[in-house]
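Let's take a walk through this protein together. Have a look at the sequence and the fold first, and then we'll go through some of the spots worth visiting.

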Amino acid sequence: MKRNEMAQPPPSATTMGGAYGTMSEQSSSKRHRSSASPSKCLHVRALPMYCTEHELTQLFGAFGRVDKILIMTNKQQAFVQMDSVMTATNVVNHFAVFPAVIRNKNIHVQYSNHQELSSSSSNQSNSGIPANSILMVSIENVQAPITLDNLVTVFKTYGSILRIVTF
């Protein structure tokens with residue numbers, strides 16, 4: 001081989017073939033996943049770090065009732081279950097034209113492969129008692145005084161109260 005000639009890379013290096021398939025096969029596979037059949041459960045990806053349920057509820061609640069949200073913080077992804085397939089379709093169609101944005105970051109919204117989110121939580125132990133027993137309660141249009149005595153009376157039937165924080 002002459003000095004000016006460059007060796008051609010092996011075919012597997014240019015196509016990224018082998019056990020993982022070619023680049024075009026991988027792209028096709030990802031495109032196929034993003035075109036899941038309509039469901040009331042949406043897959044949201046490219047979320048900003050530490051995205052909250054409140055931010056997702058504000059964004060998706062403008063289209064209808066948000067039934068459930070599951071945020072996968074480590075993956076910067078979430079599942080959002082809307083009240084109906086029609087509502088979810090309105091969300092996907094809207095964000096296909098006008099990109100969804102949370103904290104100045106474009107996020108991607110598509111149908112999930114799940115028809116709905118399971119009501120069982122992975123945070124529950126085998127005994128059925130939630131592993132995380134922290135409860136936050138927000139009350140609007142208060143009809144009775146909220147005192148520590150009232151809170152203790154309401155919540156003591158569920159177990160020992162470790163701490164009550166009001167603000």
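## A salt bridge across the chain

Lys40 and Glu116 make a salt bridge, with their closest N and O atoms 3.5 Å apart. Lys40 sits in the loop between H2 and S1, while Glu116 belongs to the loop between strand S5 (105-111) and helix H5 (148-155), so this pair ties together parts that are 76 residues apart in sequence. Glu116 counts as partly exposed, because its relative accessibility is 46%. Keep in mind that you are looking at a predicted model.

Why can such pairs form at all? Side chains of opposite charge can pair when their charged atoms come close.

## Two other salt bridges

How many salt bridges does the structure hold? There are three. Glu55 and Arg103 form one of them, and here the closest N and O atoms are 2.7 Å apart. This pair also links distant parts of the chain: Glu55 is in helix H3 (residues 53-61), Arg103 is in the loop between strand S4 (100-102) and S5, and 48 residues separate them. Their C-alpha atoms are 9.1 Å from each other.

Arg65 and Asp67 form a salt bridge as well, with 2.7 Å between the closest N and O atoms. Arg65 is exposed, at a relative accessible area of 51%. Asp67 is partly exposed, and its relative accessible area is 31%.

## A closer look at Glu55

Is Glu55 buried or exposed? Glu55 counts as buried, because its relative accessibility is 18% and the cut-off for buried is under 20%. Its salt-bridge partner Arg103 counts as partly exposed, at 45% relative accessibility.

What does Glu55 touch? If you skip its neighbours within four places in sequence, Glu55 is in contact with Tyr50, Ile102 and Arg103. There is also a polar contact to look for: a polar atom of the Glu55 side chain lies 2.9 Å from the backbone nitrogen of Thr52.

## Ser39, tucked away

Step back by one residue from Lys40 and you reach Ser39, in the loop between helix H2 (23-34) and strand S1 (41-45). Ser39 has 0% relative accessibility, so it counts as buried.

Which backbone atoms does the side chain of Ser39 reach? One is the backbone oxygen of Cys41, at 2.9 Å. Another is the backbone oxygen of Ser112, which lies 3.5 Å from a polar atom of the Ser39 side chain. Leaving aside neighbours within four places in sequence, the contacts of Ser39 are Val85, Ala88, Tyr111, Ser112, His114 and Gln115.

## How the strands pair up

S5 is a good strand to follow with your eyes. S1 pairs with S5 in the antiparallel sense, over four bridges. To find one spot along this pairing, look for His43, whose bridge partner in S5 is Gln110.

S4 and S5 run antiparallel too, and three bridges join them. Here, Ala100 has Ile107 as its bridge partner in S5. S4 and S5 form a hairpin with two residues between the strands, and in that hairpin Arg103 takes a positive phi near 50°. This is the Arg103 that forms a salt bridge with Glu55.

## Positive phi in two loops

Tyr50 is a residue other than glycine, yet its phi is positive, near 60°. You'll find Tyr50 in the loop between S1 and H3. Tyr50 is exposed, with a relative accessible area of 62%, and it is one of the contacts of Glu55.

Asn141 is not a glycine either, and it has a positive phi of about 50°. Its place is in the loop between S5 and H5. At 66% relative accessibility, Asn141 counts as exposed.

## A nonpolar patch on the surface

Which residues form the nonpolar patch on the surface? They are Leu135, Val137, Ile139, Val142 and Ile146, and together they have about 470 Å² of accessible area.

Leu135 lies in the loop between S5 and H5. Leu135 is exposed, with a relative accessible area of 58%. Asn141 is in the loop between S5 and H5 as well, so you can look for both residues while you trace that part of the chain.

Technical notes:
Residues are numbered from 1 along each chain as its sequence is written. This is a predicted model: local features need pLDDT of at least 70, side-chain atom pairs count only at pLDDT 80 or more; totals for chains, interfaces and linings use all residues. Side-chain values use heavy atoms; hydrogens and water are left out. Buried means under 20% relative accessible area, exposed over 50%, partly exposed in between (1.4 Å probe, protein chains only). A polar contact is a pair of N or O atoms within 3.5 Å; within protein, one must be able to donate a hydrogen and the other to accept it, and residues adjacent in sequence count only if both atoms are side-chain atoms. Contact means heavy atoms within 4.5 Å. A salt bridge is a side-chain nitrogen of Lys or Arg within 4 Å of a carboxyl oxygen of Asp or Glu. Two strands pair if DSSP finds at least two bridges between them. Patches are made of residues with over 30% relative accessible area and no salt bridge: like charges are joined within 9 Å, nonpolar side chains (Val, Leu, Ile, Met, Phe, Trp, Tyr) within 5 Å. Accessible areas come from the Shrake-Rupley method with a 1.4 Å probe; for residues, only the protein chains shown count as cover.
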